[in-house]
Amino acid sequence: MEKVWIKNAAELAVTEARRKALQIVSAGLDSIDTSKIIKSAINLDGDILSVKGEKFDLKKFKRVIVVGFGKASAIAAYELEKILGNRIFDGVVIDLSIFGLKRIHGFKGTHPKPSQANVDASEKIAELAEGISDKDLVIVIVSGGGSSLLCWPKEELEQSSRLYDEFLHTGGNIEELNTIRKHISQIKGGGLAKLFYPAKIIGLVFCDIPGGKCDKVASGPTFKDYSTIADAEKIIKKYSLKGYYLNETPKEEIYFKNVLNISIVTNETALSAMAEKGRELGFNPKIISTEVYGTAEEIIADLKKNSAGNLVLAGG
């Protein structure tokens, strides 16, 4: 039975056009359902783990460890447990709600601001890196909300909470915010890759960033960061922020040589599904962008400008 995404669809579908619009929206939501995405992207055949066509021989690894953070991590971890079973040695995920996990330890954190609960859970992830070796496989679930939920060490907490409050009043964008976040953390901006070096790392990235920029999700803990302290300082100066103590993110290539980040889902996934559903319903769909950014009024104006097709779609 298909999941019902829009609970009050019957109340909203007062015209044929609205009914079709709701069907199109539901198709988009259904295409990015975390459980479905994991089941379609990941498969285990004997000892061979396949992730979107990439194959890994589990016989080569002594341990499989799963870590995750963000608002898709608990569901993704639950599905991974069903696929990998007792091949999972240990694991930790940090999400807003936790359910049904057996081999992976789930911790509830806070969002959009971090809390001590986030630091404590992130510390559990750091502890998993103790004694790590090149015989270990670490599967990292990276998803939206991870910039808040993944918070370590303790010194990051005060700065990150204050930064969030102050940044709300600046008019700055999320990329600027996350640039500073990377440089007040030991685990963002490639810090997690360094922490788990020399293990093999598979990053499963659920991308909620406009344009499918996977290295920006959760402030890029498994990606090499090309921003610098100087970049963060420019943003701090631009918005007249004060009292932030910055550190450089890992720049050495060695920490990333065993990392393979795989894009599991982006907003393009939803847009493609919506366009396909639109064609089924007799429309001529037009996707105008995968990275719109602006107020509702600005985006509506852009959609109206591009109304040559009778179904105009955009993601951002």
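This is a short talk on the nonpolar cores, one surface patch and one helix of this structure. Keep in mind that the model is predicted.

Let's start inside. The largest nonpolar core has 32 residues. Those with the most contacts within it are Val67, Phe69, Ile125, Val138, Val140, Leu192 and Phe196. Which elements give two or more residues to this core? They are four strands, β4 (63–69), β5 (88–95), β7 (136–143) and β8 (200–206), and two helices, α5 (116–128) and α9 (191–196). Helix α5 gives the most, with four residues.

Take Val67 as an example. Leaving out residues up to four places away in sequence, Val67 touches Val92, Val93, Ile125, Leu128, Val138, Ile139, Val140, Ile141, Leu192 and Phe196.

There is also a second core, separate from that one, with 29 residues. Among them are Phe56, Phe61, Leu137 and Ile139. As a general point, nonpolar side chains in soluble globular proteins tend to be buried together.

Now the surface. Val25, Leu29 and Ile32 form a nonpolar patch there. Together they have about 190 Å² of accessible area. Ile32 sits in the loop between α2 (16–31) and α3 (34–41). Is Ile32 exposed or partly exposed? Partly exposed, because its relative accessibility is 33%, and that class runs between 20% and 50%.

Last, helix α2. It has 16 residues. From first C-alpha to last it reaches 23 Å, close to the expected 22 Å. Its buried residues are Leu22, Ile24, Ala27, Gly28, Asp30 and Ser31. What covers them? The cover includes α1 (9–12), α3, α11 (267–280) and β11 (311–314).

Definitions and conventions
Residues numbered from 1 in each chain as written. Predicted model: local features only at pLDDT ≥ 70, side-chain atom pairs only at ≥ 80, totals over all residues. Heavy atoms only, no water. Core = buried A, V, L, I, M, F, W, Y, C linked by side-chain atoms within 4.5 Å. Buried < 20%, exposed > 50% of the residue type's maximum accessible area, 1.4 Å probe, protein only. Contact = heavy atoms within 4.5 Å. Patch = residues over 30% accessible without salt bridge, like charges linked within 9 Å, V, L, I, M, F, W, Y side chains within 5 Å. Areas by Shrake-Rupley, 256 points an atom, 1.4 Å probe, with all protein chains shown as cover. Salt bridge = Lys/Arg side-chain N within 4 Å of Asp/Glu carboxyl O. Expected span 1.5 Å × (residues − 1).
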